[in-house]
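Open the model in your viewer and keep the selection tool at hand, since each stop on this tour begins with something to select.

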Amino acid sequence: MTAANESASPGYSLEELERAARTVVAAKHVTALVGAGISVESGVPPFRGPGGLWTKYGEPAMDGYQKFMADPRAWWAERLARQSEESELMKGLEQARPNAAHHAMAELEKMGQLQHIITQNIDNLHQEAGSVAITEIHGNRLKLRCMSCNARYPLAELLTDEIPPRCPQCGGILKSDTVMFGEPIPQDALESCRAQALLTDCMLLVGTSAVVYPAADFPVVAHRRGALLVEINPMETPLSDLCHAVLRGPAGDVMPKLVERVRKLAAASGGPPGKE
Ligand code: APR
């Protein structure tokens, strides 16, 4: 039997892992807010912090959306012309596969211990890992979205020679579903995130620096309503002080351990009793 405060890994104690797992099992509605950190172990670079793209190359221009809206045809022409030039981010995204953390979150959902994921990532890795209840607040790189009716389509099916590509339903202009700098978050995604922030009594903060809004606001809204926050991140964030439990480690290491503790506790208490 290991001593309670024996370290589960350099960044957190068994006690802290236990507290995090008990918080998940005791909760009625668990939501996760996920950021780029969860996909670092899949080879997708983060934006900030060590090895972050913005840390290395500086923040990109903030007027991408205005440029697109000013001339969608020119934007698509340039995008298709640059298709072969792969940026560091695109290279990472192209080769990425779900890692142990993505699979652990899909497992938590299957166990009935996680009700919804709000992801800031555009990489589609949660879906590939088998997660279902997902809101992609910054869109999905494999989809197109209509600027008129907000319908979304698989990129592969709709990218034809016609530029700008048009919505089969309403004829509106299609853009990448990914939310550009300067672009408002699509209303349906925003409403889904707000609903989660009002429903949840336990929010997992997985691999996000929690500095980009409106995403970073949802944990604060939930916390103000009494929800307990659990942070999984090797580094401190502006939300760390609000957290009921903090597991300082890479998500690929922490999440499977958290799932195992939750599984044992849930089994001991006879399954997800109070979960909605
Ligand atoms: N496991 C867990 N967390 C990690 C790991 C890891 N293996 N590696 C790094 N992290 C943490 C970092 O400590 C940092 O706090 O992940 C966080 C990544 O922060 P950002 O790069 O700022 O990513 P994110 O919070 O998702 O950024 C939000 O900003 O640039 C925009 O649209 C972009 O969606 C993105 C948004």
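A polar contact is a pair of N or O atoms within 3.5 Å; within protein, one of the two must be able to donate a hydrogen and the other to accept it, and residues adjacent in sequence count only if both atoms are side-chain atoms. This is a predicted model, in which local features need pLDDT of at least 70 and side-chain atom pairs count only at pLDDT 80 or more, while totals for chains, interfaces and linings use all residues. Residues are numbered from 1 along each chain as its sequence is written, and side-chain values use heavy atoms, with hydrogens and water left out.

Select the ligand and A36: a polar backbone atom of A36 lies 2.8 Å from an oxygen atom of the ligand. Add G37, where a polar backbone atom is 3.4 Å from a nitrogen atom of the ligand, and then W54, which places a polar side-chain atom 3.0 Å from a ligand oxygen atom. On its own the ligand has 740 Å² of accessible area, and the protein covers 90% of this (Shrake-Rupley method, 1.4 Å probe; for residues, only the protein chains shown count as cover).

Now select the 21 residues around the ligand, of which F47, R48, T208, S209 and N233 come nearest; a residue is near a molecule or strand if one of its heavy atoms lies within 4 Å of it.

Next, show the aromatic side chains. Rings of Phe, Tyr and Trp (its six-membered ring) pair if their centres lie within 6.5 Å, and planes under 30 degrees apart count as stacked, over 60 as edge-to-face and the rest as tilted. The whole structure holds four aromatic pairs. One of them joins F47 and W54, a tilted pair with 4.9 Å from centre to centre and 40 degrees between the planes. Is each partner buried or exposed? F47 is partly exposed, because its relative accessible area is 25%, whereas W54 is buried, because its value is 18% (buried means under 20%, exposed over 50%, partly exposed in between, with a 1.4 Å probe and protein chains only). Select W75 and W76 for an edge-to-face pair, 5.1 Å centre to centre with 90 degrees between the planes; both W75 and W76 are buried. Return to F47 and W54 and add F181, since these three form one aromatic cluster.

Finally, select helix 10, residues 217-224, whose buried residues are F218, P219, V220 and A222. Helices (H or I, at least four residues) and strands (E, at least two) are DSSP runs, numbered from the N terminus. The buried residues of helix 10 pack against strand 3 (30-34), helix 9 (187-199), strand 9 (202-206) and strand 10 (228-232), where contact means heavy atoms within 4.5 Å.
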